[in-house]
Amino acid sequence: MDALTPTGFFAALSEVSARLADVKADSVGVGVLSLYARPDAALYRLPLEHMRRFEREMDRQIRARLRPQDGLFALDGKEWLIVLPSLSSPAVLTLAMLKLEQAFNEAPLEIDGITLPLRVVCGAALSPEHGKDAFHLLQSARIAGLVAGRADTGSQIYQPSMEQASPSLAVLERDLRAAFAGGNELELHLQPKVHQPSGECRSAEALLRWRNSAGQWVPPPVVVSLIDRLGLRHRFNRWLFQRTAQIIHTLRLEGLDLDVSINLSATDLYDAEVPDLISQALSTWNVQPQRLCLEITETSMIDESAGNSVSEVLRRLRQLGLSLSIDDFGTGFSGMSRLKQLAVQEVKIDRSFVTDLLSSARDREIAASIIDLSHRLGVDVTAEGVEDEETASLLAGMGCDHIQGFLYSAALALPEFVAWVRRRDGIGT
Ligand code: C2E
Ligand code: CA
Ligand code: CA
């Protein structure tokens, strides 16, 4: 059976919001659980196919241990968010963590006859005490998970002291502050987008990369949430816009006139300074605004509760002549009819619809209708997370304009990216 797993942080965010608004008198509130799975290193040496099966098997096994009313959201293959509405007592949360932890830690997972020892770590948060809104609640659960993982304790419920006292978080914070002070330890890597049917690389997405002092890569969503917690958002944005404009400038000097996309967070759309910072960066590096594309998630663009501040920032960004793209399209709740109002140049079909495109008629239908409607509105379509030729040719056949994914390349540091594009275009190095 093809169970639908809603994907992504924003989908979880909107579900938690809805549940918070809907807390019944006889319940103690809403619980959120973050589950990290640390598979054996052997998993990463297996073909992608097995990794996908691993993700599906995880979905299935987690789902089997939840109540029917609980929501399950997959984030990037290693982390899952679980929303538990209408808790009769906080113990339900603890029980759910214990059940999940035991299930995975006691019996290794078997994928196609291959045994994978697995360590699962859970963090939980409870409304209203651990978060005044959905965003904080989710972050609290993830922080508890982070602390549990580093302390090797299995599962933890959030406590405010975790944010100060946790040596791991404190070290991460210290490293990040040092990175800002040193200026050049944060990096942007570029993931090529390949135009169909020409096969040319005309654009790329810049993705944040940062290693902590122990030399480990820290996942970008963790870095971004730490930046917010440390109140470093403005400094980060200044760096992000300057660095991106500099990259576009360097690419041009290399003879590569490419468009570059960056990811904006939902909170950036409330920040009236963002359009000015972008405009300054573009003029410092003499970059045309059309070269820069801002990827914004669907949910953050249409947040009605935000009143006019979001649309005012968006209006000014459009006025600058930048391109706008809706990231993770299909995972939010705006529906296709909103596309026209959003006045964007690009839509990115979320990876959750791309992964099973070959096997799922439903996903093919969704992809085809996104492409069809977008084209009727003069909007380009990129499919993200494409990992194999068959999926790429299916999408190309549907008229998808750009394809991005490990099939072509993961995100690369600038020099490697330049070499990659040259090789691909046959310009020679
Ligand atoms: P996203 O914008 O959806 O970025 C795509 C993510 O999918 C990237 O993960 C990328 O490495 C990964 N990916 C690309 N192709 C494939 C594929 O074929 N298969 C699989 N399995 N994955 C693929 P990454 O770099 O870990 O970024 C995760 C998220 O972090 C991004 O999701 C974005 O939301 C956020 N992020 C990254 N950089 C920034 C940034 O500079 N600012 C902000 N605010 N968010 C960022
Ligand atoms: Ca993106
Ligand atoms: Ca995306």
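How many helices and strands are there in the protein chain? The chain holds 16 helices and 15 strands, and what you are looking at is a predicted model. Before we go inside, a few overall values help to set the scene. Of the 429 residues in the protein chain, 52% are buried. The accessible surface comes to about 19,100 Å², and carbon and sulfur atoms own 52% of that area. If you take the contacts with a separation of 6 or more, 67% of them join residues 24 or more positions apart.

Let us start with the barrel. Eight strands close into it in the order β8-β9-β10-β11-β12-β13-β14-β15, with mixed pairing. On average, neighbouring strands of this sheet are turned by 30 degrees against each other, direction ignored. As a reminder, strands of a sheet pair through backbone hydrogen bonds, either parallel or antiparallel. One pair to pick out on your screen is β11 (residues 292-297) with β12 (residues 323-329): these two run parallel and are joined by five bridges. Within this pair, I296 stands opposite I326 in β12.

Now turn to the helices that lie over these strands. Helix α8 (residues 233-253) lies across β8 (187-195), β9 (201-209), β10 (259-263) and β11, and runs at about 50 degrees to β8. Helix α16 (residues 414-425) lies across β8 and β9, running at about 15 degrees to β8.

Helix α8 deserves a second look for its rings. How many aromatic pairs does a search of the whole structure find? The search finds one. The pair is formed by F236 and W239, with 5.8 Å from centre to centre and 35 degrees between the planes, a tilted arrangement. Both residues lie in α8, three residues apart, about one turn of the helix. F236 and W239 are both buried.

Another set of contacts brings in helix α9 (residues 274-284), where A281 is found. Is A281 buried or exposed? A281 counts as buried, because its relative accessibility is 1%, under the 20% cut-off. Leaving aside residues up to four places away in sequence, A281 touches F241, Q242 and A245. A281 and A245 are 36 residues apart in sequence, yet their C-alpha atoms are 6.1 Å apart in space. Just ahead of α8 in the numbering you will find helix α7 (residues 220-229), whose buried residues are V222, V223, S225, L226 and I227. After α7 comes G231, with a positive phi near 70 degrees.

Next, the metal ions. Which protein donors does the calcium ion (ligand 2) have? They are E205 (OE), N263 (OD1), E295 (OE) and D327 (OD), lying 2.1 to 2.3 Å from the ion. Their spacing in sequence reads E-x57-N-x31-E-x31-D. Distant parts of the chain are linked here: E295 is in strand β11 and D327 in strand β12, 32 residues apart. Both E295 and D327 are buried.

The calcium ion (ligand 3) is coordinated by D327 (OD), D328 (OD) and, twice, E384 (OE), at 2.2 to 2.5 Å. In sequence, the donor residues of this ion are spaced D-D-x55-E. D327 bridges the two calcium ions, ligand 2 and ligand 3, which lie 4.0 Å apart. The neighbours D327 and D328 fall into separate accessibility classes: D327 is buried because its relative accessible area is 7%, while D328 counts as partly exposed because its relative accessibility is 22%.

We finish with some backbone details. Most residues other than glycine have a negative phi, and most peptide bonds are trans. Against that background, the bond joining S127 and P128 is cis, with omega about 0 degrees, and P128 sits in the loop between β6 (118-126) and α4 (134-151). The peptide bond from Q196 to P197 is also cis, with omega near 5 degrees; P197 is in the loop between β8 and β9. As for phi, S86 has a positive value near 40 degrees and lies in strand β3 (residues 79-87). S86 is partly exposed, with a relative accessible area of 37%. N286 also has a positive phi, near 55 degrees, and lies in the loop between α9 and β11. At 58% relative accessibility, N286 counts as exposed.

Notes. Residues numbered from 1 in each chain as written. Chains lettered and ligands numbered in written order. Predicted model: local features only at pLDDT ≥ 70, side-chain atom pairs only at ≥ 80, totals over all residues. Heavy atoms only, no water. Pairing = 2+ DSSP bridges. Helix = DSSP H or I, 4+ residues; strand = E, 2+ residues; numbered from the N terminus. Axes fitted to C-alpha atoms, helices over the stretch in contact; angles between N-to-C directions. Contact = heavy atoms within 4.5 Å. Phe/Tyr/Trp six-rings, centres within 6.5 Å; stacked < 30°, edge-to-face > 60°. Buried < 20%, exposed > 50% of the residue type's maximum accessible area, 1.4 Å probe, protein only. Donors = N, O, S within 2.8 Å, 3.2 Å for Na, K, Ca; no water. Areas by Shrake-Rupley, 256 points an atom, 1.4 Å probe, with all protein chains shown as cover.
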